[in-house]
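Biologist: Pick one small part of this model and give me a close look at it, please. I'd like to know which way its residues face and what packs against them.

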Amino acid sequence: MTAQIIDGKAFAAGLRERVGTVAADFEAKAGRKAGLAVVLVGEDPASQVYVRNKGKQTLACGMESFEHKLPADTSEADLLAVVEKLNADPAVDGILVQLPLPSHMNEQKVIAAINPDKDVDGFHVVNVGRLSTGLPGFVPCTPLGCVMLLKDQLGSLSGLDAVVVGRSNIVGKPMAQLLIAESCTVTVAHSRTQDLPEVVRRADIVVAAVGRPEMVKGEWIKPGATVIDVGINRVPGAEEGKTRLVGDVDFASASEVAGAITPVPGGVGPMTIAVLLRNTIVAAHRNAGIALDE
Ligand code: NDP
């Protein structure tokens with residue numbers, strides 16, 4: 001292996017520590033803790049794990065965690081009423097509605113009901129608009145975490161060729177916006193892209209957010225490129241009945257060619273919650289009218 005491993009787990013731990021320091025300072029100035037409310041509808045096992053981890057890490061950073069667990073058959077109107085209550089609650093700085101929602105609910109409508117200044121997930125159209133026009137707002141946690149890792153690894157990203165594979169609203173599109181803001185030349189590839197290997201081969205920075213296990217191969221990568229693997233895919237393991245996590249990049253071949261690469265697990269994954277906590281402490285300062293050097 002020639003590539004340097006980008007240690008997202010260590011970076012995320014450092015970020016959580018910095019958030020903890022800022023959260024203590026906020027409490028001293030505001031006379032209350034910053035607060036994050038997480039709303040979970042139904043019993044999706046993966047979502048339950050995420051919500052539990054978010055709650056634990058919020059408390060560990062010295063912030064208040066409010067969990068609202070609603071049954072799967074909750075009506076959309078009742079969920080909207082919970083969101084309204086949280087919007088009005090001065091102890092709540094950030095609101096996160098865990099996705100996916102049950103199919104009888106309209107996710108866009110629910111996200112639109114969140115006060116944009118408490119939308120720490122950055123999914124509200126107002127925050128999407130702020131990101132694309134360069135106004136301060138909230139940026140989705142996973143792509144913001146990717147940019148933090150990239151800047152830590154490379155310093156300035158200005159002028160670099162970046163290819164983002166995937167165009168979802170939660171990863172691919174905001175990732176592309178962030179890279180444009182860093183003055184990269186950005187290409188967004190997707191399932192209709194022609195000759196994807198050739199497109200990826202141009203890139204100094206490759207961000208893979210596809211949801212297809214080990215799709216991006218080493219021979220697609222320009223030697224020395226920096227590879228950020230957002231994918232989290234569970235595949236059958238070597239032992240019968242066991243599973244393992246792999247990314248959207250074929251780590252074995254890509255790490256022979258890339259200059260630096262994020263592993264799965266331990267790369268982008270741990271950044272998401274750490275950035276959520278960072279967004280929450282930023283929201284707390286803005287909502288309380290307390291200045292913060294970001
Ligand atoms: P989506 O399924 O919403 O989007 C996948 C994107 O990949 C789409 O734009 C799709 O194109 C594109 N795509 C699919 N197949 C191909 C292909 N064969 N060639 C080129 N492009 C393709 O996924 P998400 O963005 O939500 O997530 C992507 C991955 O990141 C998943 O593995 C997910 O688990 C992971 N993830 C990890 C997070 C974390 O680390 N905390 C957080 C969020 C996601 P098209 O639009 O044309 O259909």
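Modeller: Here's a close look at helix α5, followed by the wider chain. First, some housekeeping: residues count from 1 along each chain as its sequence is written. The model is predicted, so local features need pLDDT of at least 70 and side-chain atom pairs count only at pLDDT 80 or more, while totals for chains, interfaces and linings use all residues.

Helix α5 covers residues 125–133; helices here are DSSP runs of H or I, at least four residues long, and strands are E runs of at least two, numbered from the N terminus. Its buried residues are N127, V128 and L131, where buried means 20 or more other C-beta atoms within 10 Å of the residue's own, exposed means 12 or fewer, partly exposed is in between, and C-beta atoms are placed from the backbone. Looking down the axis of α5, those buried residues fit within an arc of 105°, so they line one face of the helix; the arc is that of the directions from the helix axis to the C-beta atoms. On the face turned away from the buried side sit the exposed G129 and T133.

What packs on the buried residues? The cover includes α7 (172–181), with contact meaning backbone-placed C-beta atoms within 7 Å. Just after α5, G134 has a positive phi of about 80°.

Zooming out, the chain is assigned domain 1 (30–117) and domain 2 (141–270), bounds that come from an automatic or database assignment. Their centres, over C-alpha atoms, are 29 Å apart.

Notes:
Two residues are in contact if their C-beta atoms, placed from the backbone, lie within 7 Å.
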